[in-house]
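The following account leads through one protein chain, from its strands and aromatic residues to its backbone and a pocket. Please keep the sequence and the model at hand while reading.

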Amino acid sequence: MRHFSTVPFSGTKEQEEQLTTWLQENKDMPGVVMPALQKAQEIYGYLPIEVQRMVADALDKPLAEIYGVATFYSQFSLSPKGRYRISVCLGTACYVKGSGVLYEQLQEKLGIAGGECTLDGRFSLDACRCVGACGLAPVMMVNDEVYGRLTVDDLDGILAKYR
């Protein structure tokens with residue numbers, strides 16, 4: 001189940017003006033909800049409830065419709081992404097070699113669930129299906145850095161590099 005972020009919303013006036021301008025210029029476009037949410041996510045980096053309300057109000061659509069689209073498509077995120085985006089591969093090769101346990105341990109160590117961001121904005125955690133490094137299973141990435149042949153004992157050292 002996808003839920004809202006616990007990280008406080010910190011949008012700027014400039015971001016709001018940029019989104020409002022785009023929405024005013026494009027509100028009559030057929031099928032505008034998807035492009036509007038894509039633009040909003042491009043501007044803010046994610047779709048907090050405050051941004052969903054802006055989109056709903058500007059397009060004269062129910063918030064439930066906007067939320068429904070935002071939660072249906074995996075390209076949209078309701079939580080911000082951290083400065084360090086951790087992605088754990090849960091593809092078959094990685095999973096059978098223990099990536100599920102790594103993912104659970106990272107949730108515990110970071111104090112967040114998958115798809116969330118730490119309150120300080122430093123880390124976000126997601127699962128992915130394959131990073132194309134099956135020979136290094138289990139694998140996780142921190143931003144563009146790949147870590148392979150991992151064990152739970154490796155996690156503290158990797159996280160320490162980014163603290």
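**An aromatic cluster and its surroundings**

Y84, F123 and Y162 form one aromatic cluster. The model is a predicted one, and the description below starts from this cluster and then turns to the strands, the loops and a pocket.

The count of aromatic pairs comes to four. In one of them, the ring centres of Y84 and F123 lie 5.9 Å apart with the planes at 45°; this angle is neither under 30 degrees nor over 60, so the pair is classed as tilted. The contact joins distant parts of the chain, since Y84 belongs to strand 1 and F123 to strand 2, 39 residues apart. F123 has a relative accessible area of 2% and therefore counts as buried, the limit being under 20%. Y84 also pairs with Y162, again in a tilted arrangement, at 4.9 Å centre to centre and with 55° between the planes. Here too distant parts of the chain are linked: Y84 lies in strand 1, whereas Y162 lies in the segment after helix 7, 78 residues away. Both Y84 and Y162 are buried.

How is strand 1 placed relative to the rest of the structure? Five of the six residues in strand 1 (residues 84-89) are buried, so the strand is largely enclosed by the rest of the structure. Its pairing can be followed strand by strand. Strand 1 and strand 2 run parallel and are joined by six bridges; within this pairing, I86 has L125 of strand 2 as its bridge partner. Strand 1 and strand 3 are paired in the antiparallel sense over three bridges, and there S87 stands opposite M141 of strand 3. In a regular strand, side chains alternate between the two faces of the sheet.

The backbone deserves attention next. Most residues other than glycine have a negative phi, and most peptide bonds are trans. Against this background, the peptide bond from A137 to P138 is cis, with omega near -5°. P138 is located in the loop that runs between strand 2 (123-128) and strand 3 (140-142). N143 is not a glycine, yet its phi is positive, at about 55°. This residue sits in the loop between strand 3 and strand 4 (145-147). N143 has a relative accessibility of 24%, which lies between the limits of 20% and 50%, so N143 counts as partly exposed. R149, likewise not a glycine, has a positive phi of about 50° and is found in the loop between strand 4 and helix 7 (155-160). Its relative accessible area of 56% is over 50%, and R149 is therefore exposed.

Helix 3 (residues 49-59) contains Q52. Is Q52 buried or exposed? With a relative accessibility of 0%, Q52 counts as buried because the value is under 20%. The C-alpha atoms of Q52 and P62 are 10.0 Å apart in space, and the two residues are 10 apart in sequence.

The second largest pocket holds about 180 Å³ of space. Its lining consists of V7, P8, F9, S10, G11, Q15, Y44, Y46, P80, K81, C117 and G121. Sorted by class, this lining comprises seven nonpolar, four polar and one charged residues.

Note on methods: Residues numbered from 1 in each chain as written. Predicted model: local features only at pLDDT ≥ 70, side-chain atom pairs only at ≥ 80, totals over all residues. Heavy atoms only, no water. Helix = DSSP H or I, 4+ residues; strand = E, 2+ residues; numbered from the N terminus. Buried < 20%, exposed > 50% of the residue type's maximum accessible area, 1.4 Å probe, protein only. 1 Å grid on protein atoms, 1.4 Å probe; cavity = no way out; pocket = protein on both sides within 12 Å on 5 of 7 lines; lining within 4 Å. Points joined across faces, edges and corners; volume = space filled by probe spheres on them. Nonpolar A, V, L, I, M, F, W, Y, C, P; charged D, E, K, R; others polar. Pairing = 2+ DSSP bridges. Phe/Tyr/Trp six-rings, centres within 6.5 Å; stacked < 30°, edge-to-face > 60°.
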